[in-house]
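Trainee: Could we go through this structure together, step by step?
Mentor: Gladly! Have a look at it, and then ask away.
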Amino acid sequence: MVEKERILIADDEQDISDVLQERLSFEGYLVFQANNGKEALEKINEILPDLVILDITMPEMDGIEVKLKMNSNPATANIPVIFL
């Protein structure tokens, strides 16, 4: 059995997250959601996704800060990020 690629969507606007999750799930990806930067970083470290779709302006920690923290961790530094 082939393992599905994992994508984390981090966006504080639930409508955007839901649309992205629906479409990506339909295409066969395993999709996770986070509602703020702090939650996103926790999930990134937990699930080690194959891709992160990251909103720049979020509460608790913005997307730029999340990416900087990802870069400082060898386990997450090379995970691709798409900024919204």
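What follows is a conversation about a predicted model.

Trainee: Which helix gives the most residues to the largest nonpolar core?
Mentor: Let's begin with the core itself, which has 13 residues. At least two residues each come from strand E1 (6-10), helix H2 (37-47), strand E3 (51-54) and helix H3 (63-71). With three residues, the top contributor to this core is H2.

Trainee: Which other core lies apart from this one, and how many residues does it have?
Mentor: Look for Ile7, Leu24, Val31 and Leu51, which are among its members. This separate core has a residue count of six.

Trainee: Is Ile79 buried or exposed?
Mentor: Start with its place, the loop between H3 and strand E4 (81-83). Leaving out residues up to four places away in sequence, Ile79 touches Ile44, Leu48, Pro49, Asp50, Leu51, Val52, Lys67 and Met70. Its relative accessibility is 9%, and the cut-off for the covered class is under 20%. Therefore Ile79 counts as buried.

Trainee: How far apart in space are Ile79 and Pro49, C-alpha to C-alpha?
Mentor: In sequence, 30 residues separate Ile79 and Pro49. Pro49 is nevertheless on the list of residues that Ile79 touches. From C-alpha to C-alpha, the distance between Ile79 and Pro49 is 7.2 Å.

Trainee: Which residues of E1 point the other way from Arg6, Leu8 and Ala10?
Mentor: Here is a handy rule: in a regular strand, side chains alternate between the two faces of the sheet. In E1, Arg6, Leu8 and Ala10 point one way. Five of the five residues of E1 are buried, so being covered does not tell the two sides apart. Pointing the other way are Ile7 and Ile9.

Trainee: Which residue of E2 stands opposite Ile9?
Mentor: First find the partner strand: E1 pairs with strand E2 (residues 30-34) in the parallel sense, over five bridges. Then follow E2 until you are across from Ile9, and you reach Gln33.

Trainee: Which acidic partner meets Arg6 in a salt bridge?
Mentor: The whole structure has three salt bridges. In this one the N to O distance is 2.6 Å. Arg6 is buried at 18% relative accessible area, whereas its partner is exposed at 61%. That partner is Glu3.

Trainee: Why are Lys43 and Glu39 separated by about one helical turn?
Mentor: Their side chains meet in a salt bridge, at 3.4 Å from N to O. Lys43 is partly exposed at 25%, and Glu39 is partly exposed at 23%. Because they are four residues apart in helix H2, their separation is about one helical turn.

Trainee: What is the phi of Glu60, roughly?
Mentor: Glu60 is in the loop between E3 and H3, and it is exposed, with a relative accessible area of 61%. Its phi is positive although Glu60 is a residue other than glycine. The value is near 75°.

Trainee: What is the area of the nonpolar surface patch that includes Ile64?
Mentor: Ile64 is found in helix H3 and is partly exposed, with a relative accessible area of 40%. Together with Ile56, Leu68 and Phe83, Ile64 makes up the patch. Its area is about 340 Å².

Key: Residues numbered from 1 in each chain as written. Predicted model: local features only at pLDDT ≥ 70, side-chain atom pairs only at ≥ 80, totals over all residues. Heavy atoms only, no water. Core = buried A, V, L, I, M, F, W, Y, C linked by side-chain atoms within 4.5 Å. Buried < 20%, exposed > 50% of the residue type's maximum accessible area, 1.4 Å probe, protein only. Contact = heavy atoms within 4.5 Å. Patch = residues over 30% accessible without salt bridge, like charges linked within 9 Å, V, L, I, M, F, W, Y side chains within 5 Å. Areas by Shrake-Rupley, 256 points an atom, 1.4 Å probe, with all protein chains shown as cover. Salt bridge = Lys/Arg side-chain N within 4 Å of Asp/Glu carboxyl O. Pairing = 2+ DSSP bridges.
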